[in-house]
Structure formats: C-alpha cells, structure tokens
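Reader: Please explain how the labels attached to this model follow from their definitions.

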Amino acid sequence: MKIRSGTSSAVCGALLAARCTSAIQLTITDANSIKTAASTAAHGMMSYYKGNVTGGTPGLLPQPYYWWEGGAMWGSLIDYWSYTGDTTYNDIVSESLLFQVGPDDDFMPPNQTKSLGNDDQAFWGMAAMTAAEAGFPNPPSDQPQWLALAQAVFNTQAVRWDNSTCGGGLRWQIYSFNNGYNYKNSISQGGFFNIAARLGLYTKNETYFDWANQMWDWTNAIGLISDSYQVFDGSDDTLNCTELNHIQWSYNTGIFLSGAAVMYNVTTGAEQAKWKARVQGLITGANAFFYQGQGIMYEVACEPNNNCNTDQQSFKAYLLRWMTLTIKLAPWTHDILLPLIQTTATAAAKSCVGGSDGVTCGTKWYEGNWDGTYGVGQQMNAMEAFQSLLVDQVGPPLSNSTGGTSLGNPSAGTGPSTVAVPQSAITTKDKAGAGILTTLVLITILGGAWWMIA
C-alpha cells in the first residue's frame with residue numbers, strides 16, 4: 001500500500017510501528033470540523049496526483065485511473081473551494097483543466113482517442129460548467145474560458161446525436177474503432193442532459209432546454225429511465241436498444257437527478273409539476289443506493305461482493321455532488337436529501353482510519369471502519385460527503401444574470417453554421433420503429449460485454 005503523509009502525520013509519527021487510528025474527526029453541525037475533514041480527505045486524494053511534478057502531465061492521474069476521472073476530480077475540487085473557501089488547489093485545478101482542452105478547445109486531446117467516450121468528455125465539460133457556475137477564478141484572457149469550454153462539449157456532442165439506431169441518443173464511444181461504440185449508455189446521455197440543462201440555466205438560451213427535453217424523452221422512451229425511475233446502465237444498438245443492461249449505478253441516477261432539478265427550477269406551472277415528479281421519482285429510485293434503509297450511501301452493484309473496479313470506486317462522489325446541486329435548485333428536496341448526506345458523511349468519516357497516516361478512507365462506509373481499500377475514488381467519495389454538509393452555506397449556481405462572469409461562445413467546438421438544432425420530438429411511431437414498445441419484456445443481458453463501465 002502507498003504510504004502517505006496525511007494531516008495527522010505529526011501525531012502518528014511515533015505510532016507507525018502500530019497502525020495509527022487517529023481517524024478523520026467530524027461534527028456534522030460544526031462548519032470548521034467539516035472543512036477540516038474535507039481538507040484531510042482532499043489532501044489524501046491529491047497525494048495520488050503527479051501531473052504537477054517533473055515528467056508528469058498536467059490534468060492526468062496515473063494508472064490505473066482513466067482520463068475521465070481526472071476531470072471528475074477537478075470538478076470535485078472546484079466544489080471544495082466553493083464550499084470551504086480553501087484556495088490550496090485552485091492553481092492546479094486551472095492548470096489541469098486548461099492543459100487538457102485539446103487543440104480545438106473542446107476537451108478532446110488527441111492522446112485520449114484510444115478510449116475517448118462521450119461520458120469522458122462530459123466529465124471535463126461538467127467541471128468547466130461548475131467553474132462558471134461557482135465563480136471560480138477565470139482563466140487568462142488568452143486562454144479558453146470556462147463557459148465556452150462547456151459549450152464546446154455540448155456542441156461537439158449535439159452533432160453526434162445518432163438517429164441511425166434506437167431512434168436517437170449518443171453512443172458511448174466517440175470513435176468507431178473503440179470497443180463500446182455500439183453501446184448507448186446512460187452516463188453518456190446523462191452527461192449531455194446535465195450540461196444542456198445547466199447551460200440553459202446559465203445563458204437563458206432555450207435551445208439548450210430543447211435538447212435537455214429531447215434527451216430525457218429519448219432516454220425514458222427506450223427504458224434506460226424506467227417508469228419507476230430506475231436508471232439502467234445502457235443498451236446495445238446492434239439490438240436496436242430492445243434489450244437493456246439492468247445494472248444500476250449511483251452516478252447514473254445522480255446525473256439525471258441534478259439535471260431534472262435544473263429543469264424544475266426554470267419551468268413553471270404544469271411543466272414544473274412534471275419535472276418535480278421526475279425529481280421526486282429519481283430521489284425515490286436512489287433509495288437503492290442507501291444500505292438497508294440506514295441512510296448510508298453504498299454502490300449496490302459491486303460493494304457487497306467486493307468487486308468494484310477503479311472507476312466504480314468513485315461513483316458515490318458524483319451522486320453526493322448532484323444531490324447538493326439538487327438541493328440548491330429544488331429547495332423542497334432539502335429536508336429529504338440533507339439527512340441522507342449527514343448520515344452518509346458520518347459513516348464515511350468512520351471509514352477514514354486506515355493507512356499509515358490513520359486518515360485513509362475506505363469503500364464500505366456501512367461497515368463502520370476501514371475496509372482495507374484505498375485510492376483516489378475512496379478519497380473523493382469521502383471529501384464530497386464532507387463538503388456536501390455545507391450546502392446551506394453556498395448559494396445556487398451563478399448565471400449570466402446573477403453574477404456569473406465567465407465568457408461564453410455559443411459556437412465553441414463547431415463553426416457558427418454547424419451549431420446543432422434539436423431533432424423533432426420522439427413520437428409513438430419513432431418508439432415503435434426503434435423497437436422500444438413499453439410492453440417489451442426486458443431481460444438482463446448476459447456476457448462480459450454488458451459489464452462495460454464508462
């Protein structure tokens with residue numbers, strides 16, 4: 001196991017021969033305690049990052065972490081700054097995001113083409129969107145700006161909307177030579193939905209809302225969002241999306257939850273009532289990710305059997321992140337979601353007693369102790385749990401009419417004449433043509449290809 005010097009290293013120095021169990025101390029009603037806990041978890045997370053040392057590449061985490069998780073981590077640290085006011089990592093965050101924008105300023109660096117998915121690109125785009133919404137320090141004027149980067153991701157993905165199979169949607173992989181090109185997965189759809197809704201909120205451009213509505217309707221129509229608001233992993237377009245992979249991951253529910261909260265926030269009347277029902281439905285669906293009714297978040301598809309891979313180890317961080325965004329945009333969810341965050345954060349702190357520093361966090365928070373696992377995902381999960389407790393101290397996302405200063409470019413990522421126009425709304429005929437009748441009995445797909453994870 002990697003040995004790290006943590007916040008409590010001075011205290012634990014004399015105890016290295018016997019494992020230190022100083023733990024991350026957390027009082028969920030004390031802002032200073034929360035900030036200290038988040039700082040400790042952040043320090044542990046960043047101990048894995050080597051992109052700012054000689055020979056490293058800014059923005060990238062070392063193996064076995066994929067490119068996308070770097071974008072996810074920088075997004076978590078923008079939230080960390082917003083919640084705690086700690087600027088320790090701001091320069092690294094800015095350097096990392098800007099280094100990975102790619103030659104066309106759309107988060108498509110050429111060295112990632114061998115594994116570049118729409119969901120991967122979306123996580124970097126969402127980090128830029130968060131920077132714009134949080135008022136994160138703007139890049140120098142000669143560098144791409146946060147809002148424009150999010151718009152570039154949206155524009156490059158909108159033109160990938162694929163009506164050739166399944167009646168629409170985005171493929172998982174961007175390039176046809178990559179495994180997974182034939183998979184249309186929920187996290188790719190959710191990333192686009194999330195960015196579109198948030199761009200609409202920030203810019204007041206109705207085109208973004210049109211696309212968000214289209215994406216929700218398509219995802220629901222093929223059954224990736226079920227009528228009971230379960231969010232399933234994806235479907236193979238070689239089968240025209242007539243059969244689904246029914247695995248449920250926490251981040252799939254979270255990404256649609258926060259986007260739906262945006263749509264609730266910007267609508268009125270019957271339209272708002274519709275989105276409120278969707279938000280409520282997704283919250284109910286998220287019960288699957290809280291252990292045996294105890295209010296402690298867990299990854300139901302892999303934690304019980306100890307088979308979470310590196311990617312899946314970080315998924316809880318995103319559900320937590322998007323629960324807090326939901327609270328800000330749909331305040332009626334506050335008293336539903338905050339108690340879950342509080343119980344989860346308390347349990348997470350109890351897991352942060354591992355390693356030689358005594359503050360390394362584990363995976364199974366419901367066990368009440370460190371389970372021997374460690375890594376970027378475990379640290380990010382705990383950090384998000386802690387800083388989410390401060391949701392009441394941070395205002396809603398900024399927009400260009402409420403103090404947001406990030407500069408946008410509606411044509412970023414494409415030429416001015418190629419900005420995508422939404423397709424026509426999905427009709428019953430489209431659903432039937434794509435083989436996605438609601439009466440279809442969907443089976444869990446067998447075989448390794450169906451366990452592909454974004």
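Author: A disulfide is here a pair of cysteine sulfur atoms within 2.5 Å. This is a predicted model, in which local features need pLDDT (the predictor's confidence in each residue, from 0 to 100) of at least 70, side-chain atom pairs count only at pLDDT 80 or more, and totals for chains, interfaces and linings use all residues. Residues are numbered from 1 along each chain as its sequence is written, and side-chain values use heavy atoms, with hydrogens and water left out.

Reader: What makes C352 and C361 a disulfide?

Author: Their sulfur atoms lie 2.0 Å apart, and the cut-off is within 2.5 Å, so the pair qualifies. By this rule the model has three disulfides.

Reader: Why is the disulfide of C166 and C241 called right-handed?

Author: The torsion about its S-S bond is about 80 degrees, so the link is right-handed. C166 lies in the loop between α6 (146-158) and β1 (183-185), and C241 in the loop between β2 (234-236) and β3 (244-245), 75 residues apart. Helices (H or I, at least four residues) and strands (E, at least two) are DSSP runs, numbered from the N terminus.

Reader: Why is N213 called buried?

Author: Buried means under 20% relative accessible area, exposed over 50%, and partly exposed in between (1.4 Å probe, protein chains only). N213 has 19%, and is therefore buried. This residue belongs to helix α8 (residues 206-221).

Reader: Over which residues does pLDDT stay under 50?

Author: Residues 1-21 and residues 424-454 are two such stretches. Where pLDDT is low, the predicted coordinates should not be read in detail.

Conventions
Contact means heavy atoms within 4.5 Å.
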